[in-house]
Amino acid sequence: MLDTLTFLLEKLFLLAHIKLSSRLPPPLTGRCERDDAPPQPAAPPHRFQRGDLLEVPRTLFTHFGIYLGENRVAHMIPDILPVLTAERRQIQEMVTNTRLLLGVLSKRASVRVDLVEDFAYGAVIRLNAMDQAVLRSPLPGEEVAQRAELMLGSVSYSLLWNNCEHFVTHCRYGSAQSLQTDQFCEWMKLLILAQRNVLLTALLGLLSMVCLGISLSTALPTLVIPFTLWMAS
């Protein structure tokens, strides 16, 4: 069951991330780096300023954090462990995939502080790249960092409505938003309205009738959903 949920979440992230990556600026390791420069390892911490927004590409999505100074990054990550124990030493250990997945399912996360190297996990760090995509101007660096520090600890989590991107945009711009969520919702809208998906929906309906048998609960969606999608397209 856990493996199935992991697979479904990975596919969800993958589909949501396909078009988003094309909207963001290329990876940066400094403030004045050429666009055509080859990717470099994470920049040394002394090149970051307190309150900077750091983002790193993961396999299926982008992860975000706020630089606090002294090689430390505050970031939100789904985690079930704070619900189960108050042992800070145990909670501060590296979050495993199981902890992360159960955190997503239980809608719990923690805003924690990790070293830049642990946060980046070997990936290239984008530095304040979101400043070019968000309409609001960033707040002063010290205020950004203080807002992040005030949120440290266990928090509620939502894959679409309260994730790590909402956390950093709240801290840096004073208003929580997620470009990844916006892109996913736009993708879902296009998916629903696309005429070519009508046939796919009909085939899936027929497959459900073959597997589950012909009944009102299987036949009705098979007819109604494709017709609705066709009329809406």
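The following dialogue examines how several labels are assigned in this predicted model.

Visitor: Why is the contact between Phe48 and Tyr67 called an aromatic pair that is edge-to-face?

Guide: The count comes to one aromatic pair. Phe48 and Tyr67 have ring centres 5.5 Å apart, and rings pair if their centres lie within 6.5 Å. Their planes stand at 65 degrees; because an angle over 60 counts as edge-to-face, the pair takes that name.

Visitor: What makes this a link between distant parts of the chain?

Guide: Phe48 belongs to the loop between α1 (2-17) and β1 (53-57), whereas Tyr67 belongs to strand β2 (residues 62-69), and the two are 19 residues apart. Both Phe48 and Tyr67 are buried.

Visitor: How do you know that Asp79 and Arg99 form a salt bridge?

Guide: Their closest N and O atoms are 2.5 Å apart. A salt bridge requires a side-chain nitrogen of Lys or Arg within 4 Å of a carboxyl oxygen of Asp or Glu, so the contact qualifies. The structure holds eight salt bridges.

Visitor: Why can the pair of Asp79 and Arg99 be said to tie parts together?

Guide: Asp79 sits in the loop between β3 (72-78) and α2 (81-84), and Arg99 sits in helix α4 (residues 97-106), so the bridge joins parts 20 residues apart in sequence.

Visitor: Are Asp79 and Arg99 buried or exposed, and what makes them so?

Guide: The cut-off for buried is under 20% relative accessible area. Asp79 has 0% and therefore counts as buried. Arg99 has 10% and is therefore buried as well.

Visitor: What makes Arg172 and Asp131 a salt bridge?

Guide: The closest N and O atoms of Arg172 and Asp131 are 2.8 Å apart, and the limit is 4 Å. Arg172 is in helix α7 (residues 164-173), while Asp131 is in the loop between β5 (126-127) and α6 (141-150), 41 residues apart.

Visitor: Why do Arg172 and Asp131 receive their burial labels?

Guide: Arg172 has a relative accessible area of 7% and is therefore buried. Asp131 has 26% and counts as partly exposed, because that label covers values between the cut-offs of 20% and 50%.

Visitor: How do you know that Glu143 and Arg147 meet in a salt bridge?

Guide: The N to O distance between the side chains of Glu143 and Arg147 is 4.0 Å, and the rule asks for a value within 4 Å. Because Glu143 and Arg147 are four residues apart in helix α6, about one helical turn separates them. Glu143 is partly exposed at 33%, and Arg147 counts as partly exposed at 22%. Elsewhere, Arg50, Glu142 and Glu149 are joined into one network by salt bridges that share partners.

Visitor: What makes the contacts of His75 polar contacts?

Guide: The side chain of His75 comes to 2.8 Å from the side chain of His63 and to 2.7 Å from that of Asp114. The distance limit for a polar contact is 3.5 Å. His75 lies in strand β3 and is buried, with a relative accessible area of 5%.

Visitor: Why is α7 called mostly covered?

Guide: Nine of the 10 residues of α7 are buried, including Cys164, His166, Phe167 and Tyr173. At the start of α7, a side-chain oxygen of Asn163 reaches to within 2.9 Å of the backbone nitrogen of Glu165. Gly174, with a positive phi near 80 degrees, follows α7.

Visitor: How do you know that Ser158 is buried?

Guide: Ser158 has a relative accessible area of 17%, and buried means under 20%. Ser158 is placed in the loop between β6 and α7, and its side chain reaches the backbone nitrogen of Trp161 at 3.1 Å.

Visitor: Which elements and which classes of residue make up the lining of the second largest pocket?

Guide: The second largest pocket holds about 280 Å³ of space. Of its 13 lining residues, Arg88, Ile91, Gln92, Val111 and Gly153 are the closest to the centre. At least two lining residues come from each of α3 (88-91), β4 (108-115) and β6 (153-156), and β4 gives the largest share, four residues. By class, the lining has five nonpolar, five polar and three charged residues. Gly counts as polar under this scheme.

Note on methods: Residues numbered from 1 in each chain as written. Predicted model: local features only at pLDDT ≥ 70, side-chain atom pairs only at ≥ 80, totals over all residues. Heavy atoms only, no water. Phe/Tyr/Trp six-rings, centres within 6.5 Å; stacked < 30°, edge-to-face > 60°. Buried < 20%, exposed > 50% of the residue type's maximum accessible area, 1.4 Å probe, protein only. 1 Å grid on protein atoms, 1.4 Å probe; cavity = no way out; pocket = protein on both sides within 12 Å on 5 of 7 lines; lining within 4 Å. Points joined across faces, edges and corners; volume = space filled by probe spheres on them. Polar contact = N/O pair within 3.5 Å; in protein donor to acceptor, adjacent residues only side chain to side chain.
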